[in-house]
Amino acid sequence: VRISLEEPKGAVNSPTFEETVKGRVQLSGVTSDKNGIDRVQVSVDNGNTWNDVAGTEIWSYEFDTRVIQDGTHVVFLRVWDEYQVQGLYSSLINTDNKAPEMALELPLDYSITSGNVFFSGNVFDNVDITELYITIRNFDGKPVSRKLQRIDFEHDKIITKTVDISSLEDGIYNIELSALDKAGNATHISRNIQLNKSKALATVN
């Protein structure tokens, strides 16, 4: 008579807790037992439903993270050995399918500047903002210096920053503000700005 004295071992290796994922994602991991693995299942809804994975000792399971709310969730892993002894394990997964919310009060579209462009607004993400920056391009293909092609902002909820574009040639420029979160979701807002450096020479009598 052969008996199984130990629970089969199992682990979720990917994605890791340090990652934040979105859309369709593949869970993967490993299991082991000296008596062999009969089957493996995972649950992504707190154990309400269970799903068979592909594989046994090395397994994977794909699911759409959009069916669960954004945030941190427990992934349960259930493993049976060939003698139907069961092991239960858990891991954490971070999901974020919502792009950052962003509002830009200034600059106004098609505003005119002699050099300084003031940015005012706010940005919010339910997980974390990882990138906040502007890119500048000219409508007529005039060159934009490397240091002005991308300018990073602080990842604050309140946006307040002045950018000096007086080193560029006069003309109309498209300035796009982009916010990205940890999962790579992005929000973009653009403004068309006219640079007219001669305006700085105007005086009021």
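Trainee: Which loop is the place of Gln84?

Mentor: Bear in mind that this is a predicted model. Gln84 has a phi near 65°, a positive value in a residue other than glycine, and at 42% relative accessibility it counts as partly exposed. As for its place, Gln84 sits in the loop between strand E8 (71–81) and strand E9 (86–95).

Trainee: And Tyr110, is that one buried or exposed?

Mentor: Tyr110 isn't a glycine either, yet its phi is positive, about 60°. You'll find Tyr110 in the loop between E10 and E11. The cut-off for exposed is over 50% relative accessible area. Tyr110 comes in at 52%, so it counts as exposed.

Trainee: What about Pro107 in that stretch: is the peptide bond from Leu106 to Pro107 cis or trans?

Mentor: Pro107 lies in the loop between E10 and E11. The torsion to look at is omega, which is near 5° for the bond from Leu106 to Pro107. That makes the peptide bond cis.

Trainee: Which residue does a cis peptide bond join to Pro15?

Mentor: Start from the place of Pro15, in the loop between strand E1 (9–14) and strand E2 (20–21). The bond leading into Pro15 has an omega of about 0°. Its partner in that cis bond is Ser14.

Trainee: How much accessible area does the nonpolar surface patch with Leu108 have?

Mentor: Leu108 is in the loop between strand E10 (101–106) and strand E11 (111–113). Its relative accessible area is 54%, so Leu108 is exposed. On the surface, Leu108 forms a nonpolar patch with Leu106 and Phe118. Together the three have about 270 Å².

Trainee: Now the inside: which residues touch the most other members of the largest nonpolar core?

Mentor: As background, nonpolar side chains in soluble globular proteins tend to be buried together. Here the largest nonpolar core has 24 residues. The elements giving two or more residues to this core are E10, strand E12 (116–124), strand E13 (129–138), strand E15 (158–164), strand E16 (171–181) and strand E17 (186–195). The members that touch the most others are Phe119, Leu132, Ile134, Ile136 and Phe153.

Trainee: How many residues are in the other core, the one with Trp59?

Mentor: This other core lies apart from the largest one. Val44, Trp59, Tyr61 and Ile93 are among its members. Its count is 17 residues.

Trainee: Which residues does Ile136 touch, not counting those up to four places away in sequence?

Mentor: Ile136 is one of the core members that touch the most others. Leaving out residues up to four places away in sequence, the list goes beyond nonpolar names, with Gln149 and Asn174 included. In full, Ile136 touches Val144, Leu148, Gln149, Ile165, Leu168, Tyr173, Asn174 and Ile175.

Trainee: What is the radius of gyration of the protein chain?

Mentor: The chain has 1 helix and 17 strands. The globule rule gives 17 Å for 205 residues, and the model is well over that, so the chain is more spread out than a compact globule. Its C-alpha atoms fill a box of roughly 105 × 30 × 20 Å along the principal axes. The radius of gyration is 27 Å.

Trainee: What share of the 205 residues counts as buried?

Mentor: The cut-off for buried is under 20% relative accessible area. The whole chain exposes about 11,600 Å², with carbon and sulfur atoms supplying 48% of it. By residue, the buried share is 41%.

Trainee: In the salt bridge of Asp64 and Arg66, is Asp64 buried or exposed?

Mentor: The side chains of Asp64 and Arg66 meet at 2.9 Å, N to O. Arg66 has 55% relative accessibility, so that end counts as exposed. Asp64 has 18%, so it counts as buried.

Trainee: What is the N to O distance in the salt bridge of Arg39 and Asp38?

Mentor: Arg39 counts as partly exposed at 34% relative accessibility, and Asp38 does too at 31%. A salt bridge needs the nitrogen within 4 Å of the oxygen. For Arg39 and Asp38 the distance is 3.9 Å.

Trainee: Which residues do salt bridges with shared partners join into one network?

Mentor: The structure holds 6 salt bridges. One of them pairs Glu101 with Lys98 at 3.0 Å, N to O. The network formed through shared partners consists of Glu131, Arg150 and Asp152.

Terms used:
Residues are numbered from 1 along each chain as its sequence is written. This is a predicted model: local features need pLDDT of at least 70, side-chain atom pairs count only at pLDDT 80 or more; totals for chains, interfaces and linings use all residues. Side-chain values use heavy atoms; hydrogens and water are left out. Patches are made of residues with over 30% relative accessible area and no salt bridge: like charges are joined within 9 Å, nonpolar side chains (Val, Leu, Ile, Met, Phe, Trp, Tyr) within 5 Å. Accessible areas come from the Shrake-Rupley method with a 1.4 Å probe; for residues, only the protein chains shown count as cover. Helices (H or I, at least four residues) and strands (E, at least two) are DSSP runs, numbered from the N terminus. Buried means under 20% relative accessible area, exposed over 50%, partly exposed in between (1.4 Å probe, protein chains only). A nonpolar core is a set of buried Ala, Val, Leu, Ile, Met, Phe, Trp, Tyr and Cys residues joined through side-chain atoms within 4.5 Å. Contact means heavy atoms within 4.5 Å. The radius of gyration is taken over C-alpha atoms; the globule rule is 2.2 Å times the number of residues to the power 0.38.
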